[in-house]
Amino acid sequence: MASEFQRARRPEQVAERRAEILQVARELLAEHRLAEISLRELSSQVGLAKSNVLRYFDSREGIFLELLDVEWRTWLDELEGSSEVMTLSRARHARPIAVADRLTESLAERPLLCELLSSLASVLEHNISLEYARNFKARAAENAVRLREWLRANLPNLEKATAHYLAGAVTLVAGALWSYQRPSANVALVNKEMGGLPAQPFVDNLRVGLRTYLVGASELHGLL
């Protein structure tokens, strides 16, 4: 396979090859958990040797970080392009609840984004070079600023520092709940044996979590 490899040299060829690799990663992630996808399997599906795949990306983790950035920015594009969050209710918490519900609905429609967020700090930000870490974290910071400004546009009295904290909390809660509600087969069996209550759907728990954060922030800062 390696002998048949023709390295992409022109910028448009490199971009095309990277897009092909990311598309395969996307397809694999639609069928498997991230932890189940090895660089070997991904390379095999692409039709390249592992060493050739790594000509275009920093590492296996780098491939999925790139995919995360694409999904993250696409989600933000969707949020920014949607209409302003509106509510006719005069209830005390109506506005932050409506904003939390908009976020919940949009995240629930993006399982790939949630899967990648669930592994961001614990897996994906490991085994990457210093140069790539700087590059990715700069883009992640830009994404956080975009979400912060969307929150401030829909909760106008929210202070910048509080909105920035909430922007991080939104992705943190989504990733943590996504991972928690998808235990391994053995853990799921033990949970059942222990007679615990059935797990609530991801979207329901996410709604509760985001409502709690946004209503709490509004209360603490006297925005209601």
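Helices here are DSSP runs of H or I with at least four residues, numbered from the N terminus. The model is predicted. By this count the protein chain has 11 helices and zero strands. Read along the sequence, its pattern is α-α-α-α-α-α-α-α-α-α-α.

The C-alpha trace spans about 70 × 50 × 30 Å along its principal axes. Of the 224 residues in the protein chain, 42% are buried. The exposed surface of the chain comes to about 12,700 Å². Carbon and sulfur atoms supply 53% of that area. The chain carries 28 positive and 29 negative charges. The mean positions of these two sets are 3 Å apart. Among contacts with a separation of 6 or more, 72% join residues 24 or more positions apart.

The domain assignment divides the protein chain into domain 1 (9–57) and domain 2 (59–221). Taken over C-alpha atoms, the centres of domain 1 and domain 2 are separated by 26 Å. Contact between them involves 16 residues of domain 1 and 17 residues of domain 2.

The largest nonpolar core holds 58 residues. Within this core, Phe64, Trp75, Leu103, Leu147 and Leu151 touch the most other members. Helix 4 (residues 60–81) gives the most to the core, with nine residues. Both domain 1 (9–57) and domain 2 (59–221) give residues to this core, so it lies between them. Leu103 illustrates the packing in sequence terms. Leaving aside neighbours within four places in sequence, Leu103 is in contact with Trp75, Leu79, Leu147, Trp150, Leu151, Val170 and Leu210. Three of the residues that touch the most other core members, Trp75, Leu147 and Leu151, are thus among the contacts of Leu103.

Three polar or charged positions were also examined. Arg17 is placed in helix 1 (residues 11–29). Its relative accessible area is 18%. The cut-off for a buried residue is under 20%, so Arg17 counts as buried. Arg17 and Arg60 are 43 residues apart in sequence. Their C-alpha atoms are 15 Å apart in space.

Arg110 lies in the loop between helix 5 (94–108) and helix 6 (111–118). With a relative accessible area of 15%, Arg110 is also buried. Residues up to four places away in sequence are not counted among its contacts. On that basis, Arg110 touches Glu71, Thr74, Trp75 and Glu78. One of these, Trp75, belongs to the largest nonpolar core. Glu71 and Arg110 are 39 residues apart along the chain. The separation of their C-alpha atoms is 8.3 Å.

Ser119 is found in the next loop considered, between helix 6 and helix 7 (120–124). The relative accessibility of Ser119 is 11%, and the residue counts as buried. Not counting residues up to four places away in sequence, Ser119 touches Leu34 and Leu124.

Notes. Residues are numbered from 1 along each chain as its sequence is written. This is a predicted model: local features need pLDDT of at least 70, side-chain atom pairs count only at pLDDT 80 or more; totals for chains, interfaces and linings use all residues. Side-chain values use heavy atoms; hydrogens and water are left out. A nonpolar core is a set of buried Ala, Val, Leu, Ile, Met, Phe, Trp, Tyr and Cys residues joined through side-chain atoms within 4.5 Å. Buried means under 20% relative accessible area, exposed over 50%, partly exposed in between (1.4 Å probe, protein chains only). Helices (H or I, at least four residues) and strands (E, at least two) are DSSP runs, numbered from the N terminus. Domain bounds come from an automatic or database domain assignment. Contact means heavy atoms within 4.5 Å. Accessible areas come from the Shrake-Rupley method with a 1.4 Å probe; for residues, only the protein chains shown count as cover. Lys and Arg count as positive and Asp and Glu as negative; His and the chain ends are not counted. The place of a charge is taken as NZ of Lys, CZ of Arg, CG of Asp or CD of Glu.
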